[in-house]
Amino acid sequence: MRQKFQQFMAGRYGADQLGRVLMFVSLAFLILSFFPFLKFSYLIALVILGYTYFRMFSRNIQKRSGENQRYLNWKYSLAVGKDKQRKHREQAKIYHFFRCPGCKQKVRVPRGKGKICITCPKCKMEFVRKS
């Protein structure tokens, strides 16, 4: 039986990270469908589950791989954005951030220096702000 399944899956895409996430989302909607006021979630779960199996048994490997790569890029950009926000919060205790009125470049200056003249490193425009 195992050999027959391996022959069936030969040339098909199979499971990937996006497929696993879709399975968990489908499971979450199935659990939500137990509540009487959320019966529509059962239909949503079946649609997601059907799409997951469609992806697994697809022979268009290039397209499925592209979908997975877009998911991984999106996931990576979320992680990078979260890390960037964390670093900004940590630096906000020591530095003050301003936007250059000319090019909208973000400029970081130390806090507590009073009124200072800030030179934008990108466009060399000078502007005065209180730090």
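**Two helices and a hairpin: group meeting talk**

Okay, let's start with the helices: α2 and α4 sit roughly perpendicular to each other, because their angle falls in the 65 to 115 degrees band. Just so everyone knows, this is a predicted model. The angle itself comes out at about 75 degrees, and the axes are 8 Å apart. In residue terms, α2 is 17–32 and α4 is 61–91.

So who makes that contact? From α2 you have Gln17, Leu18 and Val21, and from α4 it's Glu67, Asn68, Tyr71 and Leu72. Sort the residues of that contact by character and you get four nonpolar, two polar and one charged.

Now, over to the strands. β1, residues 95–99, runs antiparallel to β2, and five bridges join them. One pair to look at is phenylalanine 98, whose bridge partner in β2 is valine 107. The hairpin these two strands form has six residues between the strands, and lysine 104 there has a positive phi, near 65 degrees.

Keep Phe98 and Val107 in mind, please, since both turn up in the largest nonpolar core. That core has eight residues; the others are Cys100, Val109, Ile116, Ile118, Cys120 and Phe127. Two elements, β2 at 106–110 and β3 at 115–119, each give two or more residues to this core. As background, nonpolar side chains in soluble globular proteins tend to be buried together.

Last stop, Ile118. Leaving out residues up to four places away in sequence, Ile118 touches Phe98, Val107, Val109, Met125, Glu126, Phe127 and Arg129. That's my tour, thanks.

Definitions and conventions. Residues numbered from 1 in each chain as written. Predicted model: local features only at pLDDT ≥ 70, side-chain atom pairs only at ≥ 80, totals over all residues. Heavy atoms only, no water. Core = buried A, V, L, I, M, F, W, Y, C linked by side-chain atoms within 4.5 Å. Buried < 20%, exposed > 50% of the residue type's maximum accessible area, 1.4 Å probe, protein only. Helix = DSSP H or I, 4+ residues; strand = E, 2+ residues; numbered from the N terminus. Contact = heavy atoms within 4.5 Å. Axes fitted to C-alpha atoms, helices over the stretch in contact; angles between N-to-C directions. Parallel < 35°, antiparallel > 145°, perpendicular 65-115°, else oblique. Nonpolar A, V, L, I, M, F, W, Y, C, P; charged D, E, K, R; others polar. Pairing = 2+ DSSP bridges.
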